[in-house]
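Biologist: I would like a close look at one part of this protein. Please take the aromatic residues and the core around them, then go on to the disulfides and the backbone.

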Amino acid sequence: MERGWNPDDRAASATRAARRLTGRDAIRGEGPSSPGCRLPRVGPCGCPGPLDRVFGLVHSESAVGTSGAVRADGAARSPHGSPSPPLAARRRSKEQNVQRATRVTHSRPERRHRRPGARAALASTAALAVIAGSSLLLAAGGDASADALNLLQNPGFESGTLQGWSCTANSGAVVGSPVHSGSHALQAVPAGSDNAQCTQQVSVRPNSAYTLSAWVQGNYVYLGDSGTGGTDTSTWSTNAAWNQLKTSFTTGPSTTSVTVYLHGWYGTGAYAADDLLLTGPGGETTPASPSTAPPTTAPPTTVPPTTQPPTSPPPTSPTPTGPNKHRLTGYWQDFDNGATDQRISDVNPAYDIIAVAFANATGTPGAISFALDGTLSSKLGGYTDAQFKADIAAKHAAGKKVIVSVGGQNGTISVSDAASAANFANSAYSVIQAYGFDGIDIDLENGVNSTYMSQALHSLAAKVGSGFVLTMAPQTIDMQSTGMEYFKLALATKDILTIVNMQYYNSGSMNGCDGNVYSEGTENFLTALACIQLQGGLAPSQVGLGVPASGSAAGGGYLSPSVVDAALDCLAAGTNCGSFKPTTKWPGIGGAMTWSTNWDASNGSSIATSVGGHLHAMP
């Protein structure tokens with residue numbers, strides 16, 4: 001979400017958003033690329049956060065990235081300074097191995113050897129074995145080249161080209177400096193709407209274990225795998241010196257190819273990568289290049305997700321939050337950022353759920369607090385707590401729900417252990433009681449820990465009792481597969497979850513449930529990505545479409561209300577679809593969300609009138 005952001009804040013916002021990537025966006029009305037934000041704070045307001053995950057998916061503030069992988073911070077090892085003999089030998093080996101490889105007939109690209117000095121030592125004690133699959137294995141007394149079975153093509157970019165690799169928006173190039181070893185390396189430059197993702201498809205074998213590593217440097221660099229048929233993994237670091245990222249995965253029973261990827265984060269500067277290594281059993285053939293452009297972040301390349309919905313009965317607590325079956329949610333800005341300033345009483349009656357943005361972190365781990373913004377109060381002629389509470393009560397009388405939103409781009413609230421989970425639940429309950437809120441919205445842009453946040457939310461729901469409302473506003477990258485922390489959180493709280501209003505903006509291109517790539521700002525983007533959640537285990541009533549209220553409310557992804565209406569029809573009834581048409585109809589689709597009621601008011605209330613009217617007329 002975005003908390004009072006102006007266009008000049010974009011670069012700063014993107015950097016702050018990247019922290020969550022331990023992961024996407026909201027601020028107190030702000031986001032790295034959302035002109036509607038004043039203090040960059042990612043979230044439903046339309047601000048991408050590094051992530052999301054992306055992936056900064058979360059877990060432990062100090063050690064885990066958004067996808068659950070351990071952060072590589074502090075593990076950097078610079079090759080500069082006084083190179084040791086092994087390093088010098090390794091640099092030489094990059095070219096030497098290519099030369100040796102050219103003397104061997106095989107069908108795969110050359111692989112690189114790193115073990116320094118191995119050639120002379122092994123010549124007197126062992127035989128040279130040619131390994132089919134693309135690499136040479138020098139063996140003597142059990143010693144072997146560290147990357148003898150490297151399955152990647154052009155892993156050190158020594159061809160001087162991007163052979164074997166595909167980078168989004170022409171963001172990648174092969175350079176002579178900086179390099180980790182040899183003469184070349186990859187350098188890619190993220191833009192405001194592109195994270196410079198470079199990918200390679202690799203043949204693998206089913207039910208097999210693989211290890212992936214790369215040497216990288218840059219503000220935010222991510223390494224991961226997708227389409228594994230099991231649990232996709234990723235890791236990341238932020239380090240100006242060369243440091244090694246490493247992860248591992250196991251393929252599923254029918255997986256024959258995976259995608260390896262690197263990417264940076266939106267507008268945070270160039271990153272470099274070199275000496276990638278993927279080890280494990282090689283596949284039968286080298287996969288063909290993808291027929292569509294690769295996504296801009298790390299989505300699965302197989303039809304996602306494969307996880308089946310839970311077999312337990314559907315939840316009973318998050319049923320109707322008002323008289324309407326399909327709900328319209330809007331974020332109310334507790335700050336002034338150029339959009340129309342509003343009291344709660346000014347919010348258009350078409351909004352069924354009003355999310356007050358935002359609660360703030362305190363000095364206690366996991367704890368939150370809330371207070372009306374002084375500047376906003378002054379702009380409204382002295383909006384007091386008493387008036388605010390009275391307005392909430394009036395919305396209740398009209399059948400509406402008012403909740404408090406936690407997080408946003410600057411909302412660095414961390415729930416990573418049992419103590420912070422208890423602090424979150426207790427403090428949130430106090431805020432809910434003090435103002436009369438009906439529940440809470442989770443818009444954490446700095447990462448979530450699905451285990452402890454789920455624990456905190458269940459505790460809070462038990463305290464609040466019947467009528468508890470729980471909504472979430474993850475970024476698109478957070479919901480690409482069921483293995484990502486935000487998706488895991490949604491499934492873990494399904495019994496108390498009202499709706500997930502994913503932010504379909506400030507995203508760039510993403511994979512849909514059919515494995516194809518779709519661009520934001522289109523109907524296909526809404527329907528094909530919603531399909532992932534609907535296939536991944538969420539009930540149709542728990543899936544909503546989050547869109548910006550105007551072009552000023554977000555940095556990208558705005559589309560006319562009529563397109564949103566068409567997407568809702570497509571998902572619910574299979575009508576008015578774009579080129580993507582789901583094979584299933586979900587007549588109980590949850591609804592839509594917008595950032596924000598304030599920007600909607602500034603834009604003639606088109607979301608409230610068109611989308612709200614359409615939702616409430618749907619059967």
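Modeller: What follows starts at the core and its rings, then turns to the disulfides and the unusual backbone sites. The model is a predicted one.

Start with the core. The largest nonpolar core has 101 residues. Within this core, Phe388, Phe424, Phe437 and Ile440 have the most contacts. Helix 9 gives the most to this core, with eight residues. Another core lies apart from it and has 26 residues. Leu186, Val204, Val216 and Val258 are among the residues of that other core. As a general point, nonpolar side chains tend to be buried together in soluble globular proteins.

Now take Phe424. Leaving out residues up to four places away in sequence, Phe424 touches several glycine, alanine and other nonpolar partners, including Gly366, Ala367 and Ile368. Val406, Ile413 and Val415 are also among the residues that Phe424 touches. So are Ile440 and Ile442, along with Met453, Ala456 and Leu457.

Next, the rings. A pair of aromatic rings is described by the distance of the centres and the angle of the planes. The count comes to 17 aromatic pairs. One of them is Tyr210 with Phe249: the centres are 5.4 Å apart and the planes are at 15 degrees, so this pair is stacked. Tyr210 sits in strand 7, and Phe249 sits in strand 8 (residues 234–250). They are 39 residues apart, so the pair links distant parts of the chain. Tyr210 and Phe249 are both buried.

Phe388 and Phe437 make another pair. Their centres are 6.2 Å apart and their planes are at 70 degrees, so the pair is edge-to-face. This pair also links distant parts of the chain, 49 residues apart. Phe388 belongs to helix 5 (residues 385–397). Phe437 belongs to the loop between helix 6 (418–435) and strand 15 (439–444). Phe388 is buried, at 0% relative accessible area. Phe437 is buried too, at 4% relative accessibility.

These two rings have company. Ring pairs link Trp332, Phe370, Tyr383, Phe388, Tyr435 and Phe437 into a cluster. A charged residue comes in at Tyr435: Lys389 lies over the face of that ring, at 5.3 Å from the ring centre.

Now the disulfides. A disulfide is a covalent bond between the sulfur atoms of two cysteines. The structure holds three of them. Counting bonded cysteines along the chain, the pattern is 1-2, 3-4, 5-6.

Cys167 is joined to Cys198, with an S to S distance of 2.0 Å. This pair links distant parts of the chain: Cys167 is in strand 3 (residues 166–167) and Cys198 is in strand 6 (residues 198–203), 31 residues apart. The torsion about the S-S bond is about 115 degrees, so this disulfide is right-handed. Cys167 and Cys198 are each buried.

Cys513 is joined to Cys531, with an S to S distance of 2.1 Å. Cys513 lies in the loop between strand 18 (510–511) and strand 19 (517–518), and Cys531 lies in helix 9 (residues 523–535), so the pair ties together parts that are 18 residues apart in sequence. The S-S torsion here is about 90 degrees, so the disulfide is right-handed. Both cysteines, Cys513 and Cys531, are buried.

Cys570 and Cys577 form a disulfide with sulfur atoms 2.1 Å apart. Its torsion is about 100 degrees, so this disulfide is right-handed. Cys570 is buried, at 0% relative accessible area. Cys577 counts as partly exposed because its relative accessibility is 22%, and buried means under 20%.

Last, the backbone. The peptide bond from Ala357 to Phe358 is cis, with omega near 5 degrees. Phe358 is placed in strand 12 (residues 353–361). The bond from Trp595 to Ser596 is cis as well, with omega near 0 degrees. Ser596 is in the loop between strand 21 (591–595) and helix 11 (597–602).

Two residues other than glycine have positive phi. Ala196 has phi near 60 degrees and lies in the loop between strand 5 (185–188) and strand 6. Ala196 is buried, at 0% relative accessibility. Asn207 has phi near 50 degrees and lies in the loop between strand 6 and strand 7 (209–226). Asn207 counts as exposed, at 55% relative accessibility.

How values were computed. Residues are numbered from 1 along each chain as its sequence is written. This is a predicted model: local features need pLDDT of at least 70, side-chain atom pairs count only at pLDDT 80 or more; totals for chains, interfaces and linings use all residues. Side-chain values use heavy atoms; hydrogens and water are left out. A disulfide is a pair of cysteine sulfur atoms within 2.5 Å. Helices (H or I, at least four residues) and strands (E, at least two) are DSSP runs, numbered from the N terminus. Buried means under 20% relative accessible area, exposed over 50%, partly exposed in between (1.4 Å probe, protein chains only). A nonpolar core is a set of buried Ala, Val, Leu, Ile, Met, Phe, Trp, Tyr and Cys residues joined through side-chain atoms within 4.5 Å. Contact means heavy atoms within 4.5 Å. Rings of Phe, Tyr and Trp (its six-membered ring) pair if their centres lie within 6.5 Å; planes under 30 degrees apart count as stacked, over 60 as edge-to-face and the rest as tilted. A charge sits over a ring if NZ of Lys or CZ of Arg is within 6 Å of the ring centre and within 35 degrees of the ring normal.
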